[in-house]
Amino acid sequence: MNLGETDNITPTALSKAYFDTIDAPLKTMAMIPAAGHNPMYERPEECTAALRAVRETL
């Protein structure tokens, strides 16, 4: 899960609370700095790096 640090539509605290309820053997959450609700468009390089980091753990 990639979260925008300044997301005012889905606040990070709410996303974190939801993330904590997910029961999965492998889950990750990346906070993308200086991004809002659409971090994949606002900060594509950082989102790609976060996804690559997850891929490396598989």
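Modeller: A residue counts as buried when its relative accessible area is under 20%, and as exposed when that area is over 50%. What falls in between is partly exposed. Keep in mind that this is a predicted model.

Colleague: Okay, let's start with S15. Why is S15 called buried?

Modeller: S15 has 9% relative accessibility, which is under the 20% limit, so S15 counts as buried. As for its place in the fold, S15 belongs to helix α1, residues 12-21.

Colleague: And what is S15 in contact with, leaving aside its neighbours within four places in sequence?

Modeller: M1, L3 and T10. M40 makes a useful comparison: S15 and M40 are 25 residues apart in sequence, and their C-alpha atoms are 16 Å apart in space.

Colleague: L3 came up there. Is L3 buried or exposed, and how do you know?

Modeller: L3 is buried, because its relative accessible area of 8% is under 20%. L3 sits in strand β1, residues 2-4. Apart from residues up to four places away in sequence, L3 touches T12, S15, M29, A30, M31, I32 and P39. There's also a C-alpha separation of 8.3 Å between L3 and N38, which are 35 residues apart along the chain.

Colleague: M29 is on that list. Why does M29 count as partly exposed?

Modeller: Its relative accessibility is 28%, a value between the 20% and 50% limits, so M29 counts as partly exposed. M29 lies in the loop between α1 and β2. Setting aside neighbours within four places in sequence, its contacts are M1, L3, K16 and F19. With K16, the C-alpha atoms are separated by 8.3 Å, and the two residues are 13 apart along the chain.

Colleague: What makes the pairing of K16 and D20 a salt bridge?

Modeller: The N to O distance is 2.9 Å. The rule asks for a Lys or Arg side-chain nitrogen within 4 Å of a carboxyl oxygen of Asp or Glu, so K16 and D20 qualify. Both are in helix α1, 4 residues apart, about one turn of the helix. K16 is partly exposed at 37%, and D20 is partly exposed at 46%.

Colleague: How many salt bridges does the rule give?

Modeller: The count comes to 3. Another of them joins E46 and R43 at 2.8 Å, N to O. That value is within the 4 Å limit, so the pair passes. E46 is partly exposed at 26% relative accessibility, and R43 is partly exposed at 28%.

Colleague: How do you know that R55 and E56 meet in a salt bridge?

Modeller: Their N to O distance is 3.9 Å. The limit is 4 Å, so R55 and E56 make the cut. R55 and E56 are both exposed.

Colleague: What about K27 and F19? Where does the charged end of K27 sit?

Modeller: Over the ring of F19, 4.6 Å from the ring centre. The distance part of the rule is 6 Å from the ring centre, so 4.6 Å fits.

Colleague: And how many aromatic pairs does the structure hold?

Modeller: The number is 0. A pair needs ring centres within 6.5 Å, so by this rule the count of 0 leaves no stacked, edge-to-face or tilted pair to describe.

Colleague: Let's move to the surface. Which residues make the nonpolar surface patch of about 270 Å²?

Modeller: The patch is made by M1, Y18 and I22. I22 lies in the loop between α1 and β2.

Colleague: Why does I22 count as partly exposed?

Modeller: I22 comes out at 30% relative accessibility, between 20% and 50%, so partly exposed is the right label.

Colleague: Last one: what about A34? Why does A34 count as exposed?

Modeller: A34 has 52% relative accessibility, over the 50% limit, so A34 counts as exposed. The loop between β2 (30-32) and α2 (39-42) is where A34 lies.

Colleague: What is phi of A34 near?

Modeller: Near 60 degrees, a positive value in a residue other than glycine.

Methods. Residues are numbered from 1 along each chain as its sequence is written. This is a predicted model: local features need pLDDT of at least 70, side-chain atom pairs count only at pLDDT 80 or more; totals for chains, interfaces and linings use all residues. Side-chain values use heavy atoms; hydrogens and water are left out. Helices (H or I, at least four residues) and strands (E, at least two) are DSSP runs, numbered from the N terminus. Buried means under 20% relative accessible area, exposed over 50%, partly exposed in between (1.4 Å probe, protein chains only). Contact means heavy atoms within 4.5 Å. Patches are made of residues with over 30% relative accessible area and no salt bridge: like charges are joined within 9 Å, nonpolar side chains (Val, Leu, Ile, Met, Phe, Trp, Tyr) within 5 Å. Accessible areas come from the Shrake-Rupley method with a 1.4 Å probe; for residues, only the protein chains shown count as cover. Rings of Phe, Tyr and Trp (its six-membered ring) pair if their centres lie within 6.5 Å; planes under 30 degrees apart count as stacked, over 60 as edge-to-face and the rest as tilted. A charge sits over a ring if NZ of Lys or CZ of Arg is within 6 Å of the ring centre and within 35 degrees of the ring normal.
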